[in-house]
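Here is a set of questions and answers on a two-chain complex. Have the sequence and the model open as you read.

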Amino acid sequence: MQKHYNKSRLTKFKLTTLAAGLLLASGTLSAQEEDTRAIAERLVDEHFQNSTLSREEQIEELMWFAKAAEPFRGMDIQTVAEGLTTHVYESEVLAEAFSELTGINLTHNIIGEGDVVDTMQNQMQSGNSIYDGFVNDTDSIGTHIRYGTTINLTEAMENEWADYTLPTLDLDDFIGLQYGTGPDGSLYQLPTQQFANLYWFRHDWFQREDLQEQFREIYGYDLGVPTNWTAYQDIAEFFSEHVGEIDGTKVYGHMDYGRRDPSLGWRFHDSWLSMAGMGSPGVPSGNPVDDWGIRVNEDSQPVGASVSRGGATNSPASVFAMQKAVDWLRDFAPPEAQGMTFGEAGPVPAQGHIAQQIFWYTAFTADMTDPAVAVTDDEGNPLWRMAPSPTGPYWEEGMKVGYQDVGAWTFFDSTPEDRRTAAWLFGQFTVSKTVSLEKLMHGLTPIRESDIFSEQMTEMAPKLGGLVEFYRSPNESNWTPTGTNVPDYPRMAPLWWQNLAPVMSGEVTPQEGLDKLAADMDSTMNRLARANVFDSYAPVLNEEQDPQFWLDQEGAPKAKLDNEMPQGTTVPYDEMMEAWMAAGTRQE
Amino acid sequence: MSYQLENTQRGEKYNTIFSKVSPAKRRNRTARAHWRSRLLLGLYLALMILPIYWLINMSLQTNSEILGSMTLWPQNLTFDNYIGIFTDSSWYMGYVNSMLYVAMNMLITISVALPAAYAFSRYTFIGDKHLFFWLLTNLMAPPAVFLLPYFQLYYSVGLFDTHIAVALAHCLFNIPLAIWILEGFMSSVPKEIDETAYIDGYSFPRFFVKIFIPMIRSGIGVTLFFLFMFSWVELLLARTLTATDAQPIGMIMTRTSTASGIDWGTLAAAGVLTIIPGILVVYFVRNHIAKGFALGRT
């Protein structure tokens with residue numbers, strides 16, 4: 001009896017304890033949830049007031065992050081990105097908010113772009129995890145699909161990350177998703193920032209009637225946004241040689257840079273040659289020949305860069321483009337431009353003595369709209385505008401028009417899965433609808449259509465010189481980063497600036513420089529193929545043959561045109577904007 | 001004073017005999033030469049100091065002023081660049097990290113190199129000269145070739161992204177250098193001093209610390225200076241062996257160069273702050289530098 005009594009008492013005690021425990025646990029849980037909700041509410045009110053989501057939806061999204069991150073609470077993780085305003089915002093505001101919300105101690109490190117690439121390569125080659133997540137340009141997509149160490153996001157989202165993928169991620173809302181996608185249709189890199197390169201010009205000068213008249217007198221057509229390279233050259237010559245001075249300041253019709261420096265390569269392999277029309281139609285990658293001049297076969301295997309192997313790196317279109325780069329820099333740009341790098345030359349137009357620039361990065365928008373600079377009026381409105389860059393004589397419909405730089409989240413299989421998953425959560429956090437519009441307003445690097453069409457961006461548009469209009473047009477997708485044809489970006493990019501610097505300084509001719517570049521690219525691809533380092537789409541070079549064989553065929557590489565400088569054509573900016581927007585607007 | 005006067009008087013006397021130039025003119029000429037040499041010295045100093053002045057000037061300007069027109073001094077004086085560095089932990093921790101691994105490296109190197117250099121200077125053994133020469137050849141290898149092996153090694157033993165990893169990696173170059181410098185100083189100390197100390201009843205450690213080290217303190221000061229200089233400016237190894245926790249200031253400075261231009265002001269401020277530790281070290285070892293460059297081999 002005693003025993004029985006004891007037993008029942010014990011059971012009772014156990015049940016009571018369990019009940020109390022449950023009650024306590026649920027109390028703790030709800031208390032925890034309440035804490036998290038309080039944090040989420042505060043974050044929304046303090047940092048993320050601008051969003052396309054309602055406040056309640058934002059809080060719900062943040063609550064999802066807190067819940068999904070529970071298994072990783074207390075973990076220290078590190079991610080890395082290059083120094084752009086957007087990434088600095090991610091590092092200073094978003095990383096801190098994420099840590100507070102999820103309990104994951106996150107450091108989003110900011111280092112130089114070159115260092116990001118070096119570190120990434122180090123991790124890929126050694127198989128040792130240095131960072132848990134990288135923001136790496138999608139220019140490297142060709143590298144990622146080939147080495148087999150980059151996480152296939154599409155597959156991961158269906159499998160191991162099924163429970164860790166934000167239900168409201170809304171991939172269809174992204175504008176640069178195609179650039180991080182491999183030939184198999186799988187996503188490898190998730191965009192978190194993007195900017196384009198466009199034509200830039202002094203709208204106020206172009207509107208001046210005296211200058212318009214003078215231009216018409218000399219060239220026989222109207223001063224406006226140039227649509228081909230002849231018109232660009234005429235306008236450059238007009239301002240440098242005929243106008244000469246505006247308001248007592250010497251003015252120039254062109255700005256560029258020519259110093260032997262890695263940034264010199266960007267200009268040419270990013271877009272310069274393809275703007276002239278060197279590659280094949282097709283976006284994001286020209287097929288079979290893309291903007292680096294590398295030809296691929298039907299299986300996406302690179303077969304050569306030289307014309308003798310079917311590539312176009314040293315084709316007549318490329319030679320024409322290089323010749324123009326050399327001539328314009330020498331004849332129409334400020335003399336010091338020859339010795340400048342990208343970073344030094346970039347802010348020069350803001351000083352107020354440059355009339356136009358064929359290849360201008362929208363990443364400079366924020367600096368150019370600062371009321372203190374010479375290219376804004378007293379109210380801080382820009383005196384300049386951005387427009388699509390003119391295309392060269394070899395260009396045809398359906399080809400890329402310019403370059404877009406897309407920084408995207410990239411993960412490697414060498415990172416332990418739990419750390420990688422925690423980093424994936426942060427990656428999604430930086431692009432979630434809760435924060436993306438606020439981030440766009442800080443860094444001006446859009447990634448979501450819904451943000452571009454937001455009221456806030458409509459309000460900002462007049463201050464941004466055409467940036468918002470550009471991104472609202474569906475034509476924007478003709479601006480693309482390096483495509484999948486380039487098998488190893490970090491190894492091949494240096495070949496460009498090293499071979500083209502002597503061309504820019506006049507030591508060798510464009511033909512000589514490009515022949516050497518194409519040969520170097522072929523030998524690098526060949527060496528990489530022989531070393532058997534690629535997991536898939538490895539290069540198989542075509543046999544060399546008489547270049548004429550390839551030039552006689554349809555498409556790139558294209559034979560030399562009899563007239564590379566047809567009559568210049570321009571359009572008035574307003575008309576161009578109308579036509580631009582009439583191409584239809586992106587679906588919201 | 002009287003001596004000088006006498007000399008001048010004598011000079012004048014001789015001048016009146018041998019020279020057609022009057023004493024007054026000659027005095028003028030001496031004064032002119034005096035001014036000329038002062039001017040040249042001033043010009044030399046100005047030229048030497050100009051880059052540093054320019055750096056400080058830039059660090060006190062806004063980016064728009066730096067990129068706008070050339071100004072000799074800040075028109076809109078701003079301390080924002082410095083405030084930015086001192087209030088952002090990822091910035092100032094770069095300095096702390098660099099100083100930490102430099103200090104560790106100096107400590108490790110000097111405590112290894114002192115006994116090693118003593119052995120080379122006092123004992124002869126088979127292959128001693130070859131070994132000494134071999135140590136020096138370590139300095140000739142470019143650090144770049146050690147990058148990947150070092151990274152793999154430190155990663156596998158769990159030292160990646162720690163201060164000690166960078167400090168140890170720098171030892172590869174610093175220890176041979178330190179031994180070489182110290183050996184020179186130690187060899188110039190007569191062996192008889194060691195022997196006298198033993199006769200006087202000094203134990204070896206006591207002799208080493210109390211008598212020997214003070215005799216070569218110039219050498220140690222200069223060695224520390226060289227160790228600091230190598231470790232402080234070395235970037236290649238330091239940035240490969242670190243990620244976030246121990247990254248050197250040089251690595252953090254790279255973030256000022258971006259696709260939307262270079263943050264010149266912050267870069268200049270960081271540059272100024274990078275020079276300061278070097279100046280401090282030079283200040284403390286300034287009396288030993290001349291002897292140091294002779295490397296004890298008088």
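Buried means under 20% relative accessible area. The model is predicted.

Q: Is T258(B) buried or exposed?
A: T258(B) is found in strand β1 of chain B, residues 257-258. Its relative accessible area is 14%. The cut-off is under 20%. T258(B) is therefore buried.

Q: Which residues is T258(B) in contact with, leaving aside its neighbours within four places in sequence?
A: T258(B) sits in strand β1 of chain B. Its contacts, beyond four places in sequence, are in chain A. They are G83(A), L84(A) and F342(A).

Q: How many residues does the contact take from chain A, and how many from chain B?
A: Both chains contribute to the contact. Contact here means heavy atoms within 4.5 Å. The numbers are 28 residues from chain A and 24 residues from chain B.

Q: What area do chain A and chain B bury between them?
A: The size of an interface is often given as the accessible area lost when the parts come together. Here 53% of that area is on carbon and sulfur atoms. Chain A and chain B bury about 2,200 Å².

Q: How many residue pairs are in polar contact between chain A and chain B?
A: Salt bridges are counted by their own rule, which finds 2 across the interface. For polar contacts, both residues must be at pLDDT 80 or more. The count is 11 residue pairs.

Q: Which elements give two or more residues to the side of chain A that touches chain B?
A: Helices and strands of chain A both take part. The strands are β1 (76-82) and β2 (105-111). The helices are α3 (85-102), α4 (113-126) and α12 (342-345).

Q: Which residue forms a salt bridge with R239(B)?
A: The rule finds 2 salt bridges across the interface of chain A and chain B. In the one formed by R239(B), the closest N and O atoms are 3.5 Å apart. The partner is D118(A).

Q: Which chain B residues have side chains joined to Q78(A) by a polar contact of 3.4 Å?
A: Q78(A) is found in strand β1 of chain A. At 14% relative accessibility, it counts as buried. Leaving aside neighbours within four places in sequence, its contacts include D161(B) and A243(B) as well as T107(A) and I130(A). The side chains in polar contact with that of Q78(A) are those of T244(B) and D245(B).

Q: Where in chain A is N499(A), and which side chain is in polar contact with it at 3.5 Å?
A: N499(A) is in helix α19, residues 489-504. It is buried, with a relative accessible area of 8%. Its contacts beyond four places in sequence are G513(A), K516(A), L517(A) and D520(A). The side chain in polar contact at 3.5 Å is that of K516(A).

Q: How far apart in space are N499(A) and K516(A), C-alpha to C-alpha?
A: The two residues are 17 apart in sequence. Their side chains are joined by a polar contact. C-alpha to C-alpha, the separation is 6.9 Å.

Q: What separates the C-alpha atoms of F206(A) and V225(A)?
A: F206(A) lies in helix α7 of chain A, residues 203-207. At 2% relative accessibility, F206(A) counts as buried. Along the chain, V225(A) is 19 residues from F206(A). The C-alpha separation is 8.7 Å.

Q: What span should helix α14 of chain A have at 1.5 Å a residue?
A: Helix α14 covers residues 417-431, which makes 15 residues. The end C-alpha atoms are 21 Å apart, and this agrees with the expected span. That span is 21 Å.

Q: How many of the residues of α14(A) are buried?
A: The helix is mostly covered. Among the buried residues are W424(A), F426(A) and F429(A). Of its 15 residues, the buried number 12.

Q: What percentage of residues 163-186 of chain B is helix?
A: UniProt, in an unreviewed entry, lists 163-186 among the residues under "transmembrane region". Residues 132-151 are listed there too, and that stretch is 55% helix. Over residues 163-186 the strand content is 0% and the end C-alpha atoms are 31 Å apart. The helix content is 100%.

How values were computed. Residues numbered from 1 in each chain as written. Chains lettered and ligands numbered in written order. Predicted model: local features only at pLDDT ≥ 70, side-chain atom pairs only at ≥ 80, totals over all residues. Heavy atoms only, no water. UniProt positions renumbered as here; feature names shortened; annotations may be inferred. Helix = DSSP H or I, 4+ residues; strand = E, 2+ residues; numbered from the N terminus. Buried area = accessible area lost by both parts, 1.4 Å probe. Salt bridge = Lys/Arg side-chain N within 4 Å of Asp/Glu carboxyl O. Polar contact = N/O pair within 3.5 Å; in protein donor to acceptor, adjacent residues only side chain to side chain. Buried < 20%, exposed > 50% of the residue type's maximum accessible area, 1.4 Å probe, protein only. Expected span 1.5 Å × (residues − 1).
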